[in-house]
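I opened this entry to keep track of what I looked up, item by item.

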Amino acid sequence: ISSGEELCFSYIEHELLCESEEKRTAVLDMDFKDYTDNDEDDSNEAASKKQKVAAKKNKIKVGPMIDALVQNEIMSTQAFERLELILDLLNNPEQVEPEQDFQCDKYSLHSLHAITLDQLGRSTEALSEWQACLKFATKNFPAVDETTMNLHVQAALCAKHAKKLDIATIH
């Protein structure tokens, strides 16, 4: 990076970069506040916070359905039960509102599926899931992304365990 060159920092997860601008904007609810010299009035701030809380209660959740909490819940189940649950979610997705239909939910489920298959010693099947995740990542994530590199490592390890050394060396 050259001196004076602009940098950009995204406040949303890179998995969401493939979503529409409307969805990315809706997810970006960081409650940023502009501070000025006139921001001393605490009563106005308290009223504003109450309005925001009331608005959030009436609002449909906008964002990936398979967020960190749901991922943790899925991963806390026993491996065979988890496998069945993930396959059910992948093969029979719930009908959701268009603003709640995120591509990254499918990516997350494929990642969890790959991890579960790997834990069960089903390396060949896990490898195809890691490769599906890599396809999504290389299409949608920034170049030389940390997550994409990690997916390559996972795919290489799976290929090695599946005795597919030619595929392992590619990753």
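In which helix does Asn140 lie? I found Asn140 in helix H6. The model I am reading is a predicted one.

**Asn140.** I looked up the accessibility of this residue next. Asn140 has a relative accessible area of 15%, which is under 20%, so I entered Asn140 as buried. I then asked for its contacts, leaving aside neighbours within four places in sequence, and noted His14, Leu17 and Cys18. I also checked Asn140 against Glu15: the two are 125 residues apart in sequence, yet their C-alpha atoms are 7.4 Å apart in space.

**The chain as a whole.** I stepped back to the fold. The secondary structure comes to eight helices and zero strands. Read along the sequence, I get the pattern α-α-α-α-α-α-α-α. The protein chain has 171 residues, and buried residues make up 29% of them. I also looked at contact range: among contacts with a separation of 6 or more, 62% are between residues 24 or more positions apart.

**Aromatic pairs.** How many aromatic pairs does a search of the whole structure find? I noted three. One of them is Tyr107 with Phe136, a stacked pair with 4.9 Å centre to centre and 20 degrees between the planes. I checked where these two rings come from: Tyr107 is in helix H5, residues 103–119, and Phe136 is in helix H6, residues 123–140. They are 29 residues apart, and the pair links distant parts of the chain. Both Tyr107 and Phe136 are buried.

Why is the pair of Tyr107 and Phe141 edge-to-face? I read the planes at 85 degrees, and over 60 counts as edge-to-face, so the label follows. The ring centres of Tyr107 and Phe141 are 5.5 Å apart. This pair also links distant parts of the chain, with Tyr107 in helix H5 and Phe141 in the loop between H6 and helix H7, 34 residues apart. Phe141 is buried, as is Tyr107. I therefore logged no separate groups here: Tyr107, Phe136 and Phe141 form one aromatic cluster.

**Thr148.** I followed Phe141 to one of its contacts. Thr148 lies in helix H7. Is Thr148 buried or exposed? I entered Thr148 as buried, because its relative accessible area is 5%. Not counting residues up to four places away in sequence, Thr148 touches Leu134, Ala137, Thr138 and Phe141. Phe141 is thus on two of my lists: it touches Thr148, and it belongs to the aromatic cluster with Tyr107 and Phe136.

**A charge over a ring.** I also looked up Lys23. The charged end of Lys23 sits over the ring of Phe102, 5.2 Å from the ring centre.

**The second largest pocket.** I recorded a volume of about 410 Å³ for the second largest pocket. Its lining has 16 residues, and Met65, Ile66, Pro93, Glu94 and Asp105 are those that lie nearest its centre. Which elements give two or more residues to this lining? I listed helix H3 (68–75), helix H4 (79–91) and H5. The largest share, three residues, comes from H5, the helix that also holds Tyr107. I sorted the lining of the second largest pocket by class and got 10 nonpolar, two polar and four charged residues.

Key
Residues are numbered from 1 along each chain as its sequence is written. This is a predicted model: local features need pLDDT of at least 70, side-chain atom pairs count only at pLDDT 80 or more; totals for chains, interfaces and linings use all residues. Side-chain values use heavy atoms; hydrogens and water are left out. Rings of Phe, Tyr and Trp (its six-membered ring) pair if their centres lie within 6.5 Å; planes under 30 degrees apart count as stacked, over 60 as edge-to-face and the rest as tilted. Helices (H or I, at least four residues) and strands (E, at least two) are DSSP runs, numbered from the N terminus. Buried means under 20% relative accessible area, exposed over 50%, partly exposed in between (1.4 Å probe, protein chains only). A charge sits over a ring if NZ of Lys or CZ of Arg is within 6 Å of the ring centre and within 35 degrees of the ring normal. Contact means heavy atoms within 4.5 Å. On a 1 Å grid over the protein atoms alone, a cavity is a set of points where a 1.4 Å probe fits but cannot get out, and a pocket is an open set with protein on both sides within 12 Å along at least five of seven lines; lining residues have an atom within 4 Å of a point. Grid points are joined across faces, edges and corners, and a volume is the space filled by probe spheres set on the points. Ala, Val, Leu, Ile, Met, Phe, Trp, Tyr, Cys and Pro count as nonpolar, Asp, Glu, Lys and Arg as charged, and the others, Gly among them, as polar.
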